[in-house]
Amino acid sequence: MNSIIRVEQISRTFGTITAVDGISFSVEAGEVFGVLGPNGSGKTTLVRLLAGVLAPTGGRAYLFGKDVTREGVYVRQRIGVLTETPSLYERFTARKNLAFFARLSGIPDAEIGSRVDAILSLMNLSDRADDLAGGFSKGMKQRLAVARALIHDPQIVFLDEPTSGLDPEASRQVTGIIREMAADQGKTVFLCTHNLGQAQDLCSRVAMLSAGRILAQGSRDDLSERLWDAVPLEVEFQGPPPAGVLEAILRIEGVTLDKRAEVTLTLRVQHRHQVPAVIRAAVGQGGDIVRVSPREYLLEEIYFAVQEQGRTAA
Amino acid sequence: MNRQIIRALAEKDIAEVAQNRIAISGAVILSVIFAVVFPLLITQMPILLPESDQPAFDDLQDLIPPQLIDELADLSPRQLPIVLILGYLMAPLFLILPLMLACIIAAEAFVGEKERKTLEALLYTPATDGELFVGKVLAALIPAIMYTWVNFLVFTLVTNLAGYPVMGRFWFPTPSWLALMVVVVPAVALLGVAVTVIISTRVRTFMEAYQVSGALVLVILVLVVAQSVGLLFLSPLVAVLVGIGFFALDAVLIVAGIRTFSRSELIARV
């Protein structure tokens with residue numbers, strides 16, 4: 001597959017501190033790729049390296065097949081970056097902020113007005129277009145900053161902690177915007193966050209960073225398979241399961257009992273494809289099943305397990 | 001280099017500085033003092049001071065540079081102070097105007113952006129390092145020169161109109177002043193910008209940058225004192241040479257400034 005982002009052993013040190021330490025990964029076009037990690041793990045430095053604004057001390061990064069260090073202008077014409085702080089000109093109106101960045105992106109003067117109006121409308125900011133950005137709430141500032149990142153219709157959008165410090169309402173709005181830009185507009189989204197719920201909600205794959213290194217990367221299923229050799233499975237019956245049901249289930253290779261309640265059995269199965277065999281065994285012993293839910297591991301559980309592994313390895 | 005980008009950057013910085021109260025009030029105060037109060041005071045001095053004040057007149061005679069003795073020989077004792085002070089001694093002092101304004105705007109453009117945390121978003125745009133640098137330099141340079149020239153026009157009007165009762169003619173500007181305006185003013189404005197660019201890598205706030213670069217006024221004061229004590233006479237030719245000297249210094253400083261102005265260095269300090 002032709003990766004839109006390809007990173008090869010990229011590193012960056014500041015004096016004696018290594019912010020990014022030999023990272024490699026790739027992102028496909030149209031994907032929402034998440035980078036998760038605690039503060040100081042190197043997420044922001046990584047965005048700066050990929051945007052070609054910070055020179056790496058080792059390794060290479062390619063966006064659209066171009067070396068970001070050598071072809072920074074080409075790359076920056078095609079990416080949008082939402083910085084961790086909104087970085088707005090607070091003494092300018094929302095419209096003037098966007099028009100300025102539109103001009104810097106090379107949008108012809110004649111098109112700027114309509115482009116700005118359209119993006120303000122998309123971000124629900126049309127009625128505040130001529131108000132000073134300094135008077136906006138945090139959520140509005142963040143939406144305006146997202147608008148700025150999208151004004152030139154970039155193919156890749158880098159979002160550095162897009163919902164940090166926002167209230168739940170504003171956070172939901174911004175998350176909705178991110179989902180839209182990936183699903184409806186087909187943009188590639190590179191999301192740096194420590195909001196694990198948001199990452200689970202939005203990302204098809206994630207990379208987990210710690211101290212400048214990738215501890216693990218992949219989809220949620222890939223990561224949980226690598227971490228655990230069993231998937232939790234809850235089986236709920238109409239009433240207490242008849243004698244023989246549990247024994248029949250446990251005869252299936254790789255299936256173990258985790259917890260037994262009055263009408264529910266919590267099992268562990270090695271693979272999801274064992275679930276039909278569990279159901280057949282229970283029904284065969286007269287069990288009236290009302291619910292079977294293979295519980296997927298939450299990204300949060302995966303994240304902490306990976307971080308813990310990382311600490312143990314260190 | 002992309003002109004649209006450079007123009008957008010320069011216009012944005014100028015619009016930002018126009019909203020900076022410290023910058024605007026400083027510029028207005030300087031204008032009033034230099035372009036209105038000074039020429040008014042000096043042109044009214046012969047009327048306010050008694051004509052018989054011979055010691056003061058003798059002191060002024062001592063200040064006349066040897067190159068000007070013939071030129072000023074025909075002036076009456078009432079006319080002499082006007083021509084000597086406004087026509088010659090005041091000229092280098094006027095260079096404070098482009099210098100101060102260039103320093104204020106450059107401090108706003110190069111350090112203010114870092115202080116208000118707006119620099120990072122700017123660095124993610126397709127503007128090249130060169131375009132960012134030129135845009136910001138022009139944002140400081142052009143208004144500083146225009147501001148000085150507008151003040152020079154006001155100074156010319158006040159000097160000629162308020163001085164008319166004593167002089168009996170419109171005598172200002174002198175060739176030295178014109179050389180100063182055309183050659184030295186842009187060179188001095190560029191000096192202010194170049195020094196501020198270099199300082200901007202080491203300071204964190206607009207006020208710090210402005211205060212440090214403000215020390216450049218000493219260079220102007222050296223010129224003022226040198227002319228007052230007869231070490232230097234800013235004839236049109238000397239003014240052009242001084243301008244060329246400043247431009248040479250500017251070139252060295254700008255090259256040093258460009259070296260510090262790399263995206264990678266700037267973002268590492270955000």
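Where does helix α6 of chain B bend, and by about how many degrees? I shall begin with that point and then turn to the rest of this model, which is a predicted one. The helix, residues 96–115 of chain B, bends by about 35°, and the bend is placed at Ala109(B).

Let me stay with α6(B) for a moment. Of its 20 residues, 18 are buried, which makes α6(B) a mostly covered helix. Just after the helix comes Lys117(B), whose phi is positive, at about 60°.

One partner of α6(B) is α1(B). The two axes come within 10 Å and cross at roughly 110°. An angle from 65 to 115 degrees counts as roughly perpendicular, and α1(B) and α6(B) are therefore roughly perpendicular to each other. The crossing of α1(B) past α6(B) is right-handed. On the α1(B) side the contact is made by Asp13(B), Glu16(B) and Val17(B), and on the α6(B) side by Ile104(B), Ile105(B), Glu108(B) and Ala109(B). You will recognise Ala109(B) as the residue at the bend. By class, this contact has four nonpolar residues, three charged residues and no polar ones. As a general reminder, an α-helix has 3.6 residues a turn, so residues three or four places apart point the same way.

I now step back to chain B as a whole. Its secondary structure consists of 13 helices and zero strands. Buried residues account for 44% of its 270 residues. Along the principal axes, the C-alpha atoms of chain B fill a box of roughly 70 × 30 × 30 Å. If we take the contacts in chain B between residues at least 6 apart in sequence, 86% of them join residues at least 24 apart.

There is also a backbone feature in chain B that I should like to point out. The peptide bond between Phe172(B) and Pro173(B) is cis, with omega at about 5°. Pro173(B) sits in the loop between α8 (129–167) and α9 (175–200) of chain B. For context, most residues other than glycine have a negative phi, and most peptide bonds are trans.

How many residues does each chain bring to the contact between chains A and B? Chain B brings 21 and chain A brings 23. On the chain B side, α1 (3–18), α7 (119–123) and α13 (263–268) each supply at least two residues. The most comes from α1(B), with five residues. By class, the side of chain B that touches chain A has nine nonpolar, seven polar and five charged residues. Thus α1(B) appears twice in this account: in the contact with chain A, and in the crossing with α6(B).

Let us move to chain A. This chain has 11 helices and 14 strands, and 42% of its 314 residues count as buried. Its C-alpha atoms fill a box of roughly 75 × 45 × 35 Å, taken along the principal axes. Among contacts in chain A between residues at least 6 apart in sequence, 68% join residues at least 24 apart.

Chain A has a helix pair to show as well. Helix α8 (residues 220–227) and helix α11 (residues 299–313) of chain A pack at an angle of about 50°, and their axes are 10 Å apart. These two helices, α8(A) and α11(A), are therefore oblique to each other. The crossing of α8(A) past α11(A) is left-handed. From α8(A), the residues Arg220(A), Leu223(A), Ser224(A) and Leu227(A) meet Leu299(A), Ile302(A) and Ala305(A) of α11(A). Five of the residues in this contact are nonpolar, one is polar and one is charged.

Is Leu233(A), in strand β11 (residues 231–237) of chain A, buried or exposed? Leu233(A) counts as buried, because it has 22 C-beta neighbours inside 10 Å, and 20 or more is the cut-off. Leaving aside residues up to four places away in sequence, Leu233(A) touches Leu267(A), Val269(A), Val275(A), Val278(A) and Pro294(A). The C-alpha atom of Leu233(A) is separated by 7.2 Å from that of Val292(A), 59 residues apart along the chain.

I close with two residues of chain A that have a positive phi without being glycine. Gln9(A), with phi near 50°, belongs to strand β1 (residues 3–14); its 13 C-beta neighbours inside 10 Å make Gln9(A) partly exposed. Asn124(A) has a phi of about 60° and lies in the loop between α4 (109–122) and α5 (138–150) of chain A. With 12 other C-beta atoms within 10 Å, Asn124(A) is exposed.

Notes. Residues are numbered from 1 along each chain as its sequence is written. Chains are lettered from A and ligands numbered from 1 in the order in which they are written. This is a predicted model: local features need pLDDT of at least 70, side-chain atom pairs count only at pLDDT 80 or more; totals for chains, interfaces and linings use all residues. The bend at a residue is the angle between axes fitted to the seven residues ending there and the seven starting there. Helices (H or I, at least four residues) and strands (E, at least two) are DSSP runs, numbered from the N terminus. Two residues are in contact if their C-beta atoms, placed from the backbone, lie within 7 Å. Ala, Val, Leu, Ile, Met, Phe, Trp, Tyr, Cys and Pro count as nonpolar, Asp, Glu, Lys and Arg as charged, and the others, Gly among them, as polar. Axes are lines fitted to C-alpha atoms, for helices over the stretch in contact, and angles run from 0 to 180 degrees between N-to-C directions. Angles under 35 degrees count as roughly parallel, over 145 as roughly antiparallel, 65 to 115 as roughly perpendicular and the rest as oblique. A crossing is left-handed if the near helix is turned anticlockwise from the far one by less than a right angle, and right-handed if clockwise.
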